[in-house]
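Biologist: Let us go through this model step by step. I will ask, and you will reason from the structure.

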Amino acid sequence: MLSLDEGIEKISNEMKKRRLIVFVGSGISIPAPSNLPDWDGFISEFIKLCKAIGKLLPPEVEETFNNLLLDGESRKAKDPLKVASVLRDYLKDLDKNRTVNVNLQQRFERWFSELFASRNPNHYHELIASTNFPYILTSNYDTLIEKAFENSELYSDLSLQSYSFVEADSIAAALFSKDFAIIHVHGVFSSVSLENIVFTSEDYTKMLRRRYPGFTMCMQNLFSNYSTLFIGYGGSDPHLEDLLEEQAFNMNYNSNKRLPQNFLVSLAGKTDRVIESYKKREVPKL
């Protein structure tokens, strides 16, 4: 493992050569004035929504759903993403079968939008927007990085160069032209629904990798041509381990060849399985 000074030196060298991209996690959007929850907090808010919906269900399904919620509460700390995934699938079935006289899809979308809308970027978003990264990737549903660019006098137009996984052609065009882009790998809050929200790695594989192979190709292109700085990630963020494992599988980091490197910045006490998994890789890290 690199020391902090060694890591900063390597990152600086990669930035000078325009070979470093940044991958932004939920931790960046937690501090004020953004005040967004981390993934664990988000799951808790989702369970609250499910409880409110449960009160509207007819008696023949209310008991089953409430028992599911009780089990979810007990398992939330151990496996929050799977709990959320099971509850989401149950809501999808209820909506599909018109079990309740409420448009659950619409109710979910309104809740999701209310959670993320009207937030303001914090100092971290401003720093990211003021740093000359070729590309910014994020698993966050918020658009606070875009807002930080909008607030910038010099780079406000860059806020428009923002794409999600459904816009593989635009992302590919940006990569080909070497134009800057902000890439939301899970989408943005304004377009998320019960059908496409990503909770688990299985969701990511089923919803994104299989439905949008062009997006997967773009991601592979980025990771094979740029070193990546992961920031704002902790143990609760989904898919970080999967991304790192996929990169380690696709590239032989034990060879002597010069390959793109990964750097992970995380607060002590927020790393758990992510860092332990990362330490096993023969990849420089911060």
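Biologist: Which residue in E5 does Val-24 stand opposite?

Modeller: This is a predicted model, and the answer lies in how its strands pair. E1 and E5 run parallel and are joined by 5 bridges. Across this pairing, the residue in E5 opposite Val-24 is Ile-231.

Biologist: What is the order of the strands in the open sheet?

Modeller: The protein has 12 helices and 6 strands. The open sheet has 6 strands with parallel pairing. Read across the sheet, the order is E3-E4-E2-E1-E5-E6.

Biologist: Which strands stand at the edges of that sheet?

Modeller: The order of the sheet is E3-E4-E2-E1-E5-E6. A strand at the edge has a single partner strand, so one of its sides is left without a neighbour in the sheet. The strands in that position are E3 (162-164) and E6 (262-264).

Biologist: By how many degrees are neighbouring strands of this sheet turned against each other on average?

Modeller: The sheet is an open one, with parallel pairing. With direction ignored, the average turn between neighbouring strands is 20°.

Biologist: Which residue in E2 does Val-22 stand opposite?

Modeller: E1 covers residues 20-24 and E2 covers residues 135-138. The two run parallel, joined by 3 bridges. Opposite Val-22 in E2 is Ile-136.

Biologist: Which residue in E6 does Leu-229 stand opposite?

Modeller: Leu-229 is one of the buried residues of E5. E5 and E6 run parallel, with 3 bridges between them. The residue in E6 opposite Leu-229 is Phe-263.

Biologist: How many of the 5 residues of E5 are buried?

Modeller: Take the two faces of E5 in turn. Ser-227, Leu-229 and Ile-231 are buried on one side, and Thr-228 and Phe-230 are buried on the other. Both faces are covered, and E5 is largely enclosed by the rest of the structure because the number of its residues that are buried is 5 of 5.

Biologist: Which strands does H10 touch where it packs on the sheet?

Modeller: H10 takes up residues 213-225. Its direction makes about 125° with that of E2. The strands it touches are E1, E2, E4 (181-184) and E5.

Biologist: Why are the buried residues of H10 on the same side of the helix?

Modeller: The buried residues of H10 are Phe-215, Thr-216, Cys-218, Met-219, Leu-222 and Phe-223. They lie on the same side of H10 because the arc they cover around the axis is only 160°.

Biologist: At what angle to E1 does H1 run?

Modeller: H1 is made of residues 4-16. This helix lies across E1, E5 (227-231) and E6. Its direction relative to E1 is about 115°.

Biologist: How wide an arc do the buried residues of H5 cover around the axis?

Modeller: H5 (residues 104-116) has 13 residues and reaches 18 Å from its first C-alpha to its last, close to the 18 Å expected. Its buried residues are Leu-104, Gln-105, Phe-108, Trp-111, Phe-112, Leu-115 and Phe-116. They are on the same side of H5, because the arc they cover is only 130°.

Biologist: Which helices are included in what covers the buried residues of H5?

Modeller: Trp-111 and Phe-112 are among the buried residues of H5. What covers the buried residues includes two helices, H2 (39-54) and H4 (80-96).

Biologist: Is Ser-118 buried or exposed?

Modeller: Ser-118 is in the loop between H5 and H6 (123-129). Its phi is positive, about 60°, although it is not a glycine. An exposed residue has over 50% relative accessible area. Ser-118 has 70%, so it is exposed.

Biologist: Is Lys-178 buried or exposed?

Modeller: Lys-178 is in the loop between H8 (168-177) and E4. Its phi is near 60°, a positive value in a residue other than glycine. Its relative accessibility is 65%, so Lys-178 counts as exposed.

Biologist: Which residues does the cis peptide bond join?

Modeller: One partner in the bond is found in the loop between E1 and H2. Omega is about 5°. The residues joined are Ala-32 and Pro-33.

Technical notes:
Residues numbered from 1 in each chain as written. Predicted model: local features only at pLDDT ≥ 70, side-chain atom pairs only at ≥ 80, totals over all residues. Heavy atoms only, no water. Helix = DSSP H or I, 4+ residues; strand = E, 2+ residues; numbered from the N terminus. Expected span 1.5 Å × (residues − 1). Buried < 20%, exposed > 50% of the residue type's maximum accessible area, 1.4 Å probe, protein only. Arc of directions from axis to C-beta. Pairing = 2+ DSSP bridges. Axes fitted to C-alpha atoms, helices over the stretch in contact; angles between N-to-C directions. Contact = heavy atoms within 4.5 Å.
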